[in-house]
Amino acid sequence: MRICAFYSSFDATLATQCQLDDLGRDDHANTLQGATPLTAGTPVAVRLHGPNDVDVFSFFATAGHIYDIRFLPAVNERRFRLTDADGKTLAETQWNRIVHEAASTGTYYVHLLPNSSWGSDIEVRVDDLGTDDHGGTPQTATRADVGETVTGLIHKETDLDAISVPLDADVFYRLSCTRACTLTTRTSGAPLYMLKVEDGLWHVHTPASGLVTFIVSSRSIPYPFTFKLDQASTDDHGDDAEHATPQTVPVNVAGVFELGSDVDVLSFELEAGRTYVVSGGRTTIRILDPHGAQVPLPYEAGTGNQTFTAPSSGTYFAELKSQQPFLTRETAWSFSLREQ
């Protein structure tokens, strides 16, 4: 019931209004004995009948299954705890939800503790989520394709959810994992470049094709997440001499650095003893001779150009890299080479 109080001050008469509500009999037991059984997936109505009322519920759990216990609607500071059949506390929260993996098969108890929302109508429900949704290692990871959305739930601090995706060389990907996930990665040995753009969003690039495993973890539980890896763009020039883009002298070419890790390589035929002028925009330049040795590039202060004399005839390479190693967006570059 609800009771109103009357107040007066300095003999003044105050108009008051009082309401008395019949909340009915206590609908659920206060102890383990007589606890109200819960069926997975079926909500049960609850109403605390006073500031000291406790309502206890029970459900049967299977070892290894994960159970999601919630009170709705959600409000701040709604305390409840989960115990085993001996009354031992397994989890306690004031945030309306507990997700728990049953260590053994048997009966578990949900205790709705006294709180300020007493007298209001709410619901309690328990859902059987089955066993863990994703393995925690590259060997047990969930396999996904580029463009596929994967959802998961980190149900305890030691839970790891691993997702393996086949990535192609010289392709740039956009990875989203929300809420803002904590990620670690495993590869078969090839380097993997990840640049965090903002919370929950990364650019991803690998110079070698292969299966990459992304492992999601969290200390804030329960932690639902959504994971997706999309192709953003394809590299416009090869990353090494074997995949260099052939050019004809004089060379005037442009390109894009998709990430700071991107390397663009060009190839061209030069003659021994001839001097060549090199210039570039938004790029660092290395010239490699037919044997892979770096050719010195003296800098001309007046023109801003660089020159070199070819020590031998053959195929030379220009290796171009971004001047900024941590690019958050694509950056265009230019390169030119001509005979002096």
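# Pocket, salt bridges and sheets, reasoned through

Author: Let's start at the largest pocket: β6 (89-93) and β7 (97-101) each supply at least two residues of its lining. Please keep in mind that this is a predicted model.

Reader: Happy to. How much space lies in the largest pocket, and which residues are closest to its centre?

Author: The space comes to about 330 Å³. The lining has 13 residues, and the closest to the centre are Ala91, Ile98, Val99, Ile221 and Pro222.

Reader: Which strand gives the largest share of that lining?

Author: That is β7, with five residues.

Reader: What kinds of residue make up the lining?

Author: There are six nonpolar, three polar and four charged residues.

Reader: On to charges, then. How many salt bridges does the structure hold?

Author: Twelve.

Reader: What makes the contact between arginine 47 and aspartate 121 a salt bridge?

Author: The cut-off is 4 Å between a side-chain nitrogen of Lys or Arg and a carboxyl oxygen of Asp or Glu. In this pair the closest N and O atoms are 2.8 Å apart, so the contact falls within the 4 Å cut-off and earns the name. The two residues come from distant parts of the chain: arginine 47 belongs to the loop between β2 (44-46) and β3 (55-61), aspartate 121 to the loop between β8 (106-112) and β9 (122-128), and 74 residues separate them.

Reader: Why is aspartate 121 called exposed?

Author: Exposed means over 50% relative accessible area. Aspartate 121 has 54%, so the word applies.

Reader: What about lysine 156 and glutamate 101: how do you know that they form a salt bridge?

Author: Their N to O distance is 3.2 Å, and a salt bridge has to be within 4 Å, so the pair qualifies. Lysine 156 sits in the loop between β11 (149-154) and β12 (161-167) and glutamate 101 in strand β7, so the bridge ties together parts that are 55 residues apart in sequence.

Reader: Why are lysine 156 and glutamate 101 called partly exposed?

Author: Under 20% is buried, over 50% is exposed, and partly exposed is what lies in between. Lysine 156 has 34% relative accessibility and glutamate 101 has 27%, so both values belong in between.

Reader: How far apart are the partners in the salt bridge of arginine 274 and glutamate 271, N to O?

Author: They are 2.8 Å apart. Arginine 274, at 34%, is partly exposed, and glutamate 271, at 43%, is partly exposed as well. There is also a network: Asp68, Arg70 and Arg97 are joined by salt bridges that share partners.

Reader: Serine 322 caught my eye. Where is it found, and how far is it from glutamate 271 in space?

Author: Serine 322 is in the loop between β26 (314-321) and β27. From glutamate 271 it is 28 Å away, C-alpha to C-alpha, with their positions 51 residues apart in sequence.

Reader: Why does serine 322 count as buried?

Author: Its relative accessibility is 13%, and buried means under 20%, so serine 322 meets that limit.

Reader: Now the strands. What makes β20 and β25 edge strands of their sheet?

Author: The open sheet has four strands in the order β20-β27-β22-β25, with antiparallel pairing. β20 (251-257) and β25 (306-309) each pair on one side only, which is what makes them edges. The twist averages 20° from one strand to the next.

Reader: How do you know that β20 and β27 pair?

Author: Pairing takes at least two bridges. Seven join β20 to β27 (residues 331-339), so the requirement is met. Valine 251, for instance, stands opposite leucine 337 in β27.

Reader: Why is β8 described as largely enclosed?

Author: Six of its seven residues are buried, so the rest of the structure largely encloses β8. β3 is joined to β8 by seven bridges in the antiparallel sense, with phenylalanine 60 partnering threonine 107 of β8. β5 (residues 80-83) pairs with β8 too, antiparallel over four bridges; here arginine 81 has histidine 111 as its partner.

Reader: One last sheet: why are β11 and β15 said to stand at the edges?

Author: The order in this five-stranded open sheet is β11-β18-β13-β16-β15. β11 and β15 (193-198) each have a single partner strand, so one side of each is left without a neighbour in the sheet.

Methods: Residues are numbered from 1 along each chain as its sequence is written. This is a predicted model: local features need pLDDT of at least 70, side-chain atom pairs count only at pLDDT 80 or more; totals for chains, interfaces and linings use all residues. Side-chain values use heavy atoms; hydrogens and water are left out. On a 1 Å grid over the protein atoms alone, a cavity is a set of points where a 1.4 Å probe fits but cannot get out, and a pocket is an open set with protein on both sides within 12 Å along at least five of seven lines; lining residues have an atom within 4 Å of a point. Grid points are joined across faces, edges and corners, and a volume is the space filled by probe spheres set on the points. Ala, Val, Leu, Ile, Met, Phe, Trp, Tyr, Cys and Pro count as nonpolar, Asp, Glu, Lys and Arg as charged, and the others, Gly among them, as polar. Buried means under 20% relative accessible area, exposed over 50%, partly exposed in between (1.4 Å probe, protein chains only). Axes are lines fitted to C-alpha atoms, for helices over the stretch in contact, and angles run from 0 to 180 degrees between N-to-C directions.
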